[in-house]
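Here is a short report on one chain. It follows a helix pair, the core around that pair, and a few single residues.

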Amino acid sequence: MLTSVDTDLMRVLADPLRLRIVTLLAHETLCTTHLVEETGAKQTNLSNHMRVLREAGVVDTEPCGRFTYYRLRPEVIEALAGRFAALAQTARVTAEANLKRSCP
């Protein structure tokens, strides 16, 4: 079953720019400058999205001089994927057993 934390995380990842950022960070650790170049977003807009991802626990930060590097936390994505895999398995069992509730 999905928890309120899961649904909050889904809302965070539902934003197209944040999903693009997460996809980029899955491939390599990037700083804000790289993310601005890759996404075409304004720096202030990107920083706001990074704050949301950081507060949701999706990314970790690594200061490096005057830059901040961002790294995806794969265990967060894996946990959410696991919840969806469990839902899919439950739906498969339900469909195979043809379980349905009677109407009153």
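## A helix pair and its core

Leu17, Arg18, Ile21, Val22 and Leu25 of α2 meet Asn45, Leu46, His49, Met50, Val52 and Leu53 of α4. By class, this contact of α2 with α4 has eight nonpolar, two polar and one charged residues. The model is predicted.

How do the two helices cross? Two packed helices are described by the angle between their axes and the distance between the axes. Here the axes of α2 (residues 16-27) and α4 (residues 43-55) come within 10 Å. They cross at roughly 75 degrees. That makes α2 roughly perpendicular to α4, because angles of 65 to 115 degrees count as such.

Next, the core. The largest nonpolar core has 20 residues. Ile21, Leu25, Leu35, Met50, Leu53 and Val58 have the most contacts inside it. At least two residues of this core come from each of α1 (4-14), α2, α4, β3 (67-72) and α5. Its largest share, five residues, comes from α2.

Which residues does Val58 touch? Leaving out residues up to four places away in sequence, Val58 touches Leu9, Leu13, Val22, Leu53, Arg71, Leu72, Arg73, Val76 and Ile77. Of these, Val22 and Leu53 are also named in the contact of α2 with α4.

His49 lies in helix α4. Is His49 buried or exposed? Its relative accessibility is 10%, so His49 counts as buried, the cut-off being under 20%. Not counting residues up to four places away in sequence, His49 touches Asp15, Leu17, Arg18 and Ile21. Among them, Leu17, Arg18 and Ile21 are α2 residues in the contact with α4.

Now helix α5. This helix covers residues 74-97 and has 24 residues. From its first C-alpha to its last, α5 reaches 34 Å. That is close to the 34 Å expected at 1.5 Å a residue.

Asn98 follows just after α5. Its phi is near 50 degrees, a positive value in a residue other than glycine. Most residues other than glycine have a negative phi. At 55% relative accessibility, Asn98 counts as exposed, because the cut-off is over 50%.

The two residues with a stated accessibility are listed here.

| Residue | Location | Relative accessibility | Class |
|---|---|---|---|
| His49 | helix α4 | 10% | buried |
| Asn98 | segment after α5 | 55% | exposed |

Definitions and conventions. Residues numbered from 1 in each chain as written. Predicted model: local features only at pLDDT ≥ 70, side-chain atom pairs only at ≥ 80, totals over all residues. Heavy atoms only, no water. Helix = DSSP H or I, 4+ residues; strand = E, 2+ residues; numbered from the N terminus. Expected span 1.5 Å × (residues − 1). Axes fitted to C-alpha atoms, helices over the stretch in contact; angles between N-to-C directions. Parallel < 35°, antiparallel > 145°, perpendicular 65-115°, else oblique. Contact = heavy atoms within 4.5 Å. Nonpolar A, V, L, I, M, F, W, Y, C, P; charged D, E, K, R; others polar. Core = buried A, V, L, I, M, F, W, Y, C linked by side-chain atoms within 4.5 Å. Buried < 20%, exposed > 50% of the residue type's maximum accessible area, 1.4 Å probe, protein only.
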